[in-house]
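Here is a short tour for anyone who likes to think in contacts and angles. Have the sequence and the coordinates at hand while you read.

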Amino acid sequence: MMTIYKEFTFDAAHFLANVPEGHKCKQLHGHTYFLKVYVSGEPELPEQWVMDYSDLKAIVKPVIDQLDHKFLNDVQGLENPTAEVVTRWIWQKIKPTLPKLKRIELKETPTSGVIYEE
């Protein structure tokens, strides 16, 4: 079994409505998110790859385009857009067309992120 990955970035703004008053994330702010999508499987013949990276990009990019330069609170399903909620939302969007999906990592800041995997 081998695992390949592809990285994506997007910029978006949000606030967290469910945090206590005075919490800095209650204020409107933005992030440059870094997403890493992992796909696992055996390399297939004749190419001897798990998946073509361009096919992986074609599946993930339309989902990222729904988030890039958007106000996440306005995106259906992301009314409380914590990193955990955004990560699960992305997973649910790409998993149906990417059956070999194994794991995604979403970094909200250079030192903070979420890992979601089966």
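How many aromatic pairs does the count come to? In this predicted model, the count comes to four aromatic pairs. One of the pairs is formed by Tyr-5 and Tyr-38, whose rings are tilted, with 45° between the planes and 5.6 Å from centre to centre. Because Tyr-5 belongs to strand β1 and Tyr-38 to strand β2, this pair ties together parts that are 33 residues apart in sequence.

The two tyrosines can also be described by their accessibility. Tyr-5 has a relative accessible area of 42% and is partly exposed. Tyr-38, at 13%, is below the 20% cut-off, so Tyr-38 counts as buried. Each ring also has a charged residue over it, as listed here.

| Charged residue | Ring | Distance to ring centre |
|---|---|---|
| Lys-36 | Tyr-5 | 4.7 Å |
| Arg-103 | Tyr-38 | 5.5 Å |

Now for the sheet that holds these strands. Its five strands follow the order β3-β1-β2-β4-β5, making an open sheet with mixed pairing. The edges are taken by β3 (70–71) and β5, and each has a single partner strand, so one side of each is left without a neighbour in the sheet. At the β5 end, β4 and β5 run antiparallel and are joined by six bridges. Across this pairing, Lys-107 stands opposite Gly-113 in β5.

Two helices pack on the sheet. Helix α1 touches β1, β2 and β3, and its direction makes about 20° with that of β1. Helix α2 touches β1, β2, β4 and β5, and its direction makes about 145° with that of β4.

Helix α2 deserves a closer look. What should the twelve residues of helix α2 span at 1.5 Å a residue? The expected span is 16 Å, because the rise is multiplied by one less than the number of residues. The end C-alpha atoms of α2 (residues 83–94) are 17 Å apart, which agrees with that expectation.

Which residues of α2 are buried? They are Ala-83, Val-86, Thr-87, Trp-89, Ile-90, Trp-91 and Ile-94. These buried residues pack against β1 (2–14), β2 (29–41), β4 (101–109) and β5 (112–117), and also against helix α1 (53–65). The buried residues of α2 thus give you a handy place to start browsing, with contacts to strands and to the other helix alike.

Definitions and conventions:
Residues numbered from 1 in each chain as written. Predicted model: local features only at pLDDT ≥ 70, side-chain atom pairs only at ≥ 80, totals over all residues. Heavy atoms only, no water. Helix = DSSP H or I, 4+ residues; strand = E, 2+ residues; numbered from the N terminus. Buried < 20%, exposed > 50% of the residue type's maximum accessible area, 1.4 Å probe, protein only. Contact = heavy atoms within 4.5 Å. Pairing = 2+ DSSP bridges. Axes fitted to C-alpha atoms, helices over the stretch in contact; angles between N-to-C directions. Phe/Tyr/Trp six-rings, centres within 6.5 Å; stacked < 30°, edge-to-face > 60°. Lys NZ or Arg CZ within 6 Å of the ring centre and 35° of its normal.
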